[in-house]
Amino acid sequence: MSNFPEAFLWGASTSAYQVEGAWAEDGKGPSVQDIKEIPQGTTDFKVASDHYHRYEEDVKLFKELGLKAYRFSISWSRVMPDGKVNPAGLAFYQKLIDLLLENEIQPIVTVFHFDLPVAIAEEGGWENRATIQAFADYCQVLFENFSQQVPLWQTINEQNVMALAGSVIGTSQKSMKEKFQENHHMLVAQALVTQQFHAGNFNGRIGPAPNIASVYPASEKPADQLAALYMSALRNWLFLDVAVFGTYNHNAWHLLETIGAAPTVTEADRKILAAGTCDYIALNYYNTMTVSSYFQKETKLDQQSGFGIPGFFQAVENTHLPMTEFGWPIDPEGFRFTLNEIYSRYRLPLLITENGIGAKDVLTTDGKIHDDYRIDYLQQHIEQMALAIEDGVDVIGYCPWSAIDLISTHEGSAKRYGFIYANRTDEQLLDLARYKKDSFYWYQNVIDKNGLGE
């Protein structure tokens, strides 16, 4: 399992609001994540893992881990909290990027990861067409400051999750019609930003970063096959077809029209979408989905299991797959399937920007974290990624979630993903000391061997 390209980007990922903390320091304004209602028993994001103050220590650990790349997001509300540039916010990311490059770690930047500035949300957020230009202005600032040092950019993280499960991640509580109008504005904003990136001849490549989950039919019944077709269209291809081809997927559009959720699309929108197509595809993969033809069931709007739409599909449990302790299916072979499915449709390079397992890791009295379950999970997925590359899929890098423990978007600090343990709980900050987990040393070896080796 060592058939990885020599320049393969072995990395790891985080996002700004989940790891940085310093939520109101050095001119940063609040984001929607800072003010949302937090589930009882979980922490907020005010301190998170305190990466803002400890980034030098963290980058030193990333270097020891052997990372070739670090995928992180830039906080819009830190850089432009109220439409004006905050110099201290830009300075923080400049220092981080400089330090990464000094340590031979390639910065990979996501410009928007769920954390809309409150100042923009109060003006209607993505429902307001003015946010399209506000996003373009923000991205222009980033490109002008960092494009010479950042070769890979992602526009919007998991836009499909925001559209389909916004209530779960704290970004939307609206009707399907309202959500897909917002979603359309995001698609136009993404295309406009991509267009201006290309027009400016900025260094590197730019692409979307959706959460992609291949969809299995529950049985060989034709009705279940059709259900999978429509769920795939809504869950996956709507977002990638627009990014790659500049047009809406026809199955997804038919579904939206049928349920009264089709957005208003202007002629100017169509021109922007057609002109702003991506250079590569970043994707987050955690699991697959399984659907049957629709049957009456309590609708469960859930980040992973999805929901049912009358006349089209109903998400169901796949009894052939084991589950994480947080109830997410584990499907390494589905990873290979998903990579092949995406590459067959789009023929663009793929970058894995998230993949991992959340668990309640335990710090032992001697400072160890024995996370064999994480090693097993990642090993199985890397094996399947290697087989996808053998199949002919062009995968340029793998950045698991997450580089260091951070705050889960809706399940707090107890749900840990990192290679590095951050010593805090949902109730207490403790000393926030960093500890290397067993998976740290395992992944270090994988990177050193450029694969799993013998």
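Leu-9, Gly-11 and Ser-13 project from one side of strand 1, Trp-10 and Ala-12 project from the other, and all of them are buried. The model described here is predicted. This briefing covers strand 1 with its pairing partners, and then the packing of helix 5 against helix 7.

**Strand 1 and its neighbours**

- Strand 1 comprises residues 9-13, and because five of the five residues are buried, the strand is largely enclosed by the rest of the structure.
- Strand 2 (residues 69-73) pairs with strand 1 in the parallel sense, over three bridges.
- Within that pairing, Arg-71 of strand 2 is the bridge partner of Ser-13.
- Strand 11 (residues 395-398) also pairs with strand 1 in the parallel sense, over two bridges.
- Here, Tyr-398 of strand 11 is the bridge partner of Trp-10.

**Helix 5 against helix 7**

- Two packed helices are described by the angle between their axes and the distance between the axes.
- For helix 5 (residues 87-102) and helix 7 (residues 130-146), the axes come within 11 Å and cross at roughly 40°.
- The two helices, helix 5 and helix 7, are therefore oblique to each other.
- The crossing in which helix 5 passes helix 7 is right-handed.
- Helix 5 contributes Leu-90, Tyr-93, Gln-94 and Ile-97 to the contact, and helix 7 contributes Val-141, Asn-145 and Phe-146.
- Classified by residue type, this contact of helix 5 with helix 7 has five nonpolar residues, two polar residues and no charged residues.

Notes
Residues numbered from 1 in each chain as written. Predicted model: local features only at pLDDT ≥ 70, side-chain atom pairs only at ≥ 80, totals over all residues. Heavy atoms only, no water. Axes fitted to C-alpha atoms, helices over the stretch in contact; angles between N-to-C directions. Helix = DSSP H or I, 4+ residues; strand = E, 2+ residues; numbered from the N terminus. Parallel < 35°, antiparallel > 145°, perpendicular 65-115°, else oblique. Left-handed = near helix turned anticlockwise from the far one by under 90°. Contact = heavy atoms within 4.5 Å. Nonpolar A, V, L, I, M, F, W, Y, C, P; charged D, E, K, R; others polar. Buried < 20%, exposed > 50% of the residue type's maximum accessible area, 1.4 Å probe, protein only. Pairing = 2+ DSSP bridges.
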